[in-house]
Amino acid sequence: MAVIFRRWGVGSLLKHAENCHLQWLGLSFSTHENPLGIPKAGTTAHDDRQRLMGRGLPKKLPIAGVNQVIVVASGKGGVGKSTTAVNLALGIAANDKTKTVGLLDADVYGPSIPRMMNLAGEPELNKQNLMKPLVNFGISCMSMGFLVDEKAPLVWRGLMVMSAVQKLLRQVAWGPLDYLVIDMPPGTGDTQLSISQNIPIDGAVVVSTPQDIALLDARKGAEMFRKVDVPVLGIVQNMSVFQCPKCGHQTHIFGEDGAKKIAEEMELQVIGDIPLHISIRETSDSGKPVTVSQPDSPQAQAYRTLAKEVVSRLPPYKDPLPERK
């Protein structure tokens with residue numbers, strides 16, 4: 001176990017766990033002690049609502065040194081979310097070399113960023129006891145995968161995971177960054193809510209394949225962000241079409257334009273259309289993402305186009321602490 005990881009300790013992780021409770025979202029009033037939101041004996045749903053609202057939602061505090069935050073999410077796993085997050089970060093940096101970009105792997109149970117970004121080793125600590133991000137391809141990265149062995153499972157309960165995510169956000173020397181891309185875990189659980197309710201998020205990108213089953217969960221993911229007042233920038237239709245390398249015939253393996261249909265229903269737009277191509281998989285597995293290893297390929301261009309679209313949809317940056325005159 002890493003030295004830095006021991007510095008945190010289980011006690012430290014649990015100390016701040018109370019701040020990670022699931023809060024009222026407008027439809028249900030569940031907590032970790034009462035996950036189904038069933039009123040206690042002698043109380044009504046209105047009583048529980050008033051009690052939970054009385055606690056108040058956590059105050060959203062910016063991440064030190066980070067100008068804007070983009071989260072990449074999916075309703076379910078296996079749709080290429082992490083690959084999209086990595087190439088989105090690299091695409092933003094490639095489109096404008098004056099911008100600094102970071103990448104946070106918030107998938108504590110299944111971190112993918114270390115392998116995809118070809119990074120390993122324990123982060124060093126600075127004088128303020130903050131972890132220094134590991135850097136490759138010009139992108140500052142942080143992941144739980146840097147702190148535990150790649151083959152070791154992380155057997156933690158939800159509160160410990162949320163507390164660990166808070167530390168990955170707050171106890172890392174991120175700045176100065178123009179953009180921080182956060183690779184969220186799949187689904188709509190505690191980690192997503194904890195991040196959405198504790199830091200200002202400038203936009204969310206929802207990744208899905210055109211398959212009907214995946215789109216059902218993508219809708220849930222987009223709706224979750226709306227409920228916590230996070231603007232949804234759009235939907236990325238991943239693995240949209242497969243082109244045979246021998247004859248050039250195109251096949252829509254997971255369906256055709258499914259993401260476009262659901263985007264229209266939700267009054268969103270498809271902001272990226274990424275093909276199903278072996279080079280994307282091979283370069284990701286080898287730690288040389290297609291955006292940097294094959295920058296002139298159509299696949300890399302698709303990610304750069306996505307990056308351009310994402311940045312154009314972000315609100316103008318406003319310094320939360322403007323200098324006093």
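The protein has eleven helices and ten strands. The model is a predicted one, and the exercises below walk through parts of it, with a worked solution after each.

**Exercise 1. Get an overview: what share of the residues is buried, and what share of the contacts joins residues at least 24 apart?**

Solution.
- Step 1: start with burial. The protein has 325 residues, and 48% of them count as buried.
- Step 2: turn to the surface. The accessible area is about 16,300 Å², with 53% of this belonging to carbon and sulfur atoms.
- Step 3: look at the contacts between residues at least 6 apart in sequence. Of these, 76% join residues at least 24 apart.

**Exercise 2. Describe how helix 5 packs with helix 6: at what angle, and with which residues in the contact?**

Solution.
- Step 1: find the two elements. Helix 5 covers residues 158–170 and helix 6 covers residues 190–198.
- Step 2: take the geometry. The helices pack at an angle of about 40°, and their axes are 9 Å apart.
- Step 3: classify the angle. Because of that value, helix 5 is oblique to helix 6; angles from 65 to 115 degrees would count as roughly perpendicular, and those under 35 degrees as roughly parallel.
- Step 4: assign the hand. Helix 5 and helix 6 cross in a right-handed manner.
- Step 5: list the partners. Helix 5 contributes G158, V161, M162, V165, Q166, L169 and R170, while helix 6 contributes D190, T191, S194, I195 and N198.
- Step 6: sort these residues by character. The contact of helix 5 with helix 6 holds five nonpolar, five polar and two charged residues.

**Exercise 3. Now do the analysis for helix 3 and helix 11: are they roughly parallel or roughly perpendicular?**

Solution.
- Step 1: helix 3 runs over residues 81–95 and helix 11 over residues 298–313.
- Step 2: their packing angle is about 75°, with the axes 8 Å apart.
- Step 3: this angle makes helix 3 roughly perpendicular to helix 11, since the class spans 65 to 115 degrees.
- Step 4: on the helix 3 side, T83, T84, N87, L88, G91, I92, A94 and N95 take part; on the helix 11 side, Y303, R304, L306, A307, K308, V310 and V311 do.
- Step 5: the residues of the contact between helix 3 and helix 11 comprise eight nonpolar, five polar and two charged ones.

**Exercise 4. Zoom in on L306: is it buried or exposed, and what does it touch?**

Solution.
- Step 1: place the residue. L306 belongs to helix 11.
- Step 2: check its accessibility. L306 has a relative accessibility of 1%, so it counts as buried; the cut-off for that class is under 20%.
- Step 3: collect its contacts. Beyond neighbours within four places in sequence, L306 is in contact with T84, L88, V236, I271 and G272.
- Step 4: note a long-range pair. L306 and I92 are 214 residues apart along the chain, yet their C-alpha atoms are separated by 8.8 Å.

**Exercise 5. Examine two serines, S74 and S279: where does each lie, and what does each touch?**

Solution.
- Step 1: S74 sits in the loop between strand 1 (66–73) and helix 3. Its 2% relative accessibility is why S74 counts as buried.
- Step 2: leaving out residues up to four places away in sequence, S74 touches V79, K81, P185, P186, G187 and V207.
- Step 3: S279 is part of helix 9 (residues 278–285). With a relative accessible area of 6%, S279 is buried.
- Step 4: with residues up to four places away again left out, S279 touches V290, Q294 and Q299. S279 and Q294 are 15 residues apart in sequence, and 8.8 Å apart from C-alpha to C-alpha.

**Exercise 6. Inspect the backbone: which peptide bond is cis, and what is phi at D229 and E267?**

Solution.
- Step 1: recall the background. Most residues other than glycine have a negative phi, and most peptide bonds are trans.
- Step 2: G175 and P176 are joined by a cis peptide bond, with omega about -5°. P176 lies in the loop between helix 5 and strand 5 (177–183).
- Step 3: D229 is not a glycine, but its phi is positive, near 60°. D229 is in the loop between helix 7 (212–227) and strand 7 (232–237), and at 65% relative accessibility D229 counts as exposed.
- Step 4: E267, also not a glycine, has a positive phi of about 60°. E267 is in the loop between helix 8 (258–265) and strand 10 (270–273), and its 73% relative accessibility makes E267 exposed.

Conventions:
Residues are numbered from 1 along each chain as its sequence is written. This is a predicted model: local features need pLDDT of at least 70, side-chain atom pairs count only at pLDDT 80 or more; totals for chains, interfaces and linings use all residues. Side-chain values use heavy atoms; hydrogens and water are left out. Axes are lines fitted to C-alpha atoms, for helices over the stretch in contact, and angles run from 0 to 180 degrees between N-to-C directions. Helices (H or I, at least four residues) and strands (E, at least two) are DSSP runs, numbered from the N terminus. Angles under 35 degrees count as roughly parallel, over 145 as roughly antiparallel, 65 to 115 as roughly perpendicular and the rest as oblique. A crossing is left-handed if the near helix is turned anticlockwise from the far one by less than a right angle, and right-handed if clockwise. Contact means heavy atoms within 4.5 Å. Ala, Val, Leu, Ile, Met, Phe, Trp, Tyr, Cys and Pro count as nonpolar, Asp, Glu, Lys and Arg as charged, and the others, Gly among them, as polar. Buried means under 20% relative accessible area, exposed over 50%, partly exposed in between (1.4 Å probe, protein chains only). Accessible areas come from the Shrake-Rupley method with a 1.4 Å probe; for residues, only the protein chains shown count as cover.
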